[in-house]
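Hi,

Here is the structure I promised to pass on. Have a look at it first, and my notes follow underneath.

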Amino acid sequence: MDQYNKFGEDLHNGKYNSIYSTGKRRTTAWHEIGHFVEEHNKNTLRISKEFVANRTKGEQPEMLRDILKAPDYDESEVTLKDNFISPYIGKVYDDATEVLSMGLESIFEPVKMGQLKYVDNNGQAHRARIEDDEEYLNLILGILLKE
């Protein structure tokens, strides 16, 4: 967890759920709502995992720190990067994904220049918007309308 993003807390006892943020990133609430939905709607989690699996067939995991040139990511944080608008979407977890989380933040709090896709060897950041990946955009809109 980085210094800008806090976390969602779910006590699983029906009393409350909380999302914390320092306020430095406007996307945090949407991002954590995506994790909350996947945690409580296993069908959405299944759909998200299938989406990543279908898009990344045959890919080998890569370290996020290498793709994004960000040493904040540790060596255990790997992704199946595909051609997602951000390689973070393919981050490998056992029981979660970043699919809905990144999709919600991309729709409801879009960063002006888009999500960080990669940093080239010259240190130049390359970005993409959700509109650049029609399949992903349609998936997120479908989840919002159906689930």
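Start at Ile140: once you leave aside its neighbours within four places in sequence, this residue touches Val99, Leu100, Gly103, Leu104, Ile107 and Ile130. Bear in mind as you read on that this is a predicted model.

Ile140 also turns up in the largest nonpolar core, a set of 21 residues. Together with Ile89, Val99 and Tyr136, Ile140 is among those with the most contacts inside that core. Which helix gives the most to it? That would be α5, with five residues. Helices α2, α3 (64-67), α4 and α5 each put in at least two. As background, nonpolar side chains in soluble globular proteins tend to be buried together.

Now the aromatics. There are four aromatic pairs in the structure, and I'll go through two of them here.

Trp30 and Phe108 make a stacked pair, with 4.3 Å from centre to centre and 20° between the planes. Trp30 sits in helix α1 (residues 28-40) and Phe108 in helix α4 (residues 99-108), so this pair ties together parts that are 78 residues apart in sequence. Are these two rings buried or exposed? Neither label fits, because the relative accessible area is 29% for Trp30 and 38% for Phe108, and both residues therefore count as partly exposed.

Phe51 and Tyr136 are stacked as well, at 5.9 Å centre to centre and 20° between the planes. Here Phe51 comes from helix α2 (residues 42-55) and Tyr136 from helix α5 (residues 134-146), so the pair ties together parts 85 residues apart in sequence. Phe51 is buried, with a relative accessible area of 8%, and Tyr136 is buried too, at 0%. Add Phe84 and you have one aromatic cluster made of Phe51, Phe84 and Tyr136.

Next, a charged residue to look at: Arg55. Its place is in helix α2. Buried or exposed? Arg55 counts as buried, because its relative accessibility is 16% and the cut-off for buried is under 20%. What does Arg55 touch, apart from neighbours within four places in sequence? The list is Asp82, Asn83, Phe84, Asp133, Glu135 and Tyr136. Two of those names, Phe84 and Tyr136, you have already met in the aromatic cluster.

There is some empty space inside as well. The structure holds one cavity of 30 Å³ or more, and the volume of the largest cavity is about 60 Å³. Its lining is made up of Ser106, Pro110, Val111, Gly114, Gln115, Ala128, Arg129, Ile130 and Glu131. By type, those lining residues divide into four nonpolar, three polar and two charged. Ile130 is on that list, and Ile130 is also one of the contacts of Ile140.

Finally, the overall layout, in case you want to find your way around the chain. The protein has five helices and six strands, and along the sequence they follow the pattern β-β-α-α-β-α-β-α-β-β-α. Of its 147 residues, 37% count as buried. Looking at contacts between residues at least 6 apart in sequence, 51% join residues at least 24 apart.

If you open it in a viewer, Tyr136 makes a handy landmark, with a place in the core, in the aromatic cluster and among the contacts of Arg55.

Cheers

Terms used:
Residues are numbered from 1 along each chain as its sequence is written. This is a predicted model: local features need pLDDT of at least 70, side-chain atom pairs count only at pLDDT 80 or more; totals for chains, interfaces and linings use all residues. Side-chain values use heavy atoms; hydrogens and water are left out. On a 1 Å grid over the protein atoms alone, a cavity is a set of points where a 1.4 Å probe fits but cannot get out, and a pocket is an open set with protein on both sides within 12 Å along at least five of seven lines; lining residues have an atom within 4 Å of a point. Grid points are joined across faces, edges and corners, and a volume is the space filled by probe spheres set on the points. Ala, Val, Leu, Ile, Met, Phe, Trp, Tyr, Cys and Pro count as nonpolar, Asp, Glu, Lys and Arg as charged, and the others, Gly among them, as polar. Rings of Phe, Tyr and Trp (its six-membered ring) pair if their centres lie within 6.5 Å; planes under 30 degrees apart count as stacked, over 60 as edge-to-face and the rest as tilted. Helices (H or I, at least four residues) and strands (E, at least two) are DSSP runs, numbered from the N terminus. Buried means under 20% relative accessible area, exposed over 50%, partly exposed in between (1.4 Å probe, protein chains only). A nonpolar core is a set of buried Ala, Val, Leu, Ile, Met, Phe, Trp, Tyr and Cys residues joined through side-chain atoms within 4.5 Å. Contact means heavy atoms within 4.5 Å.
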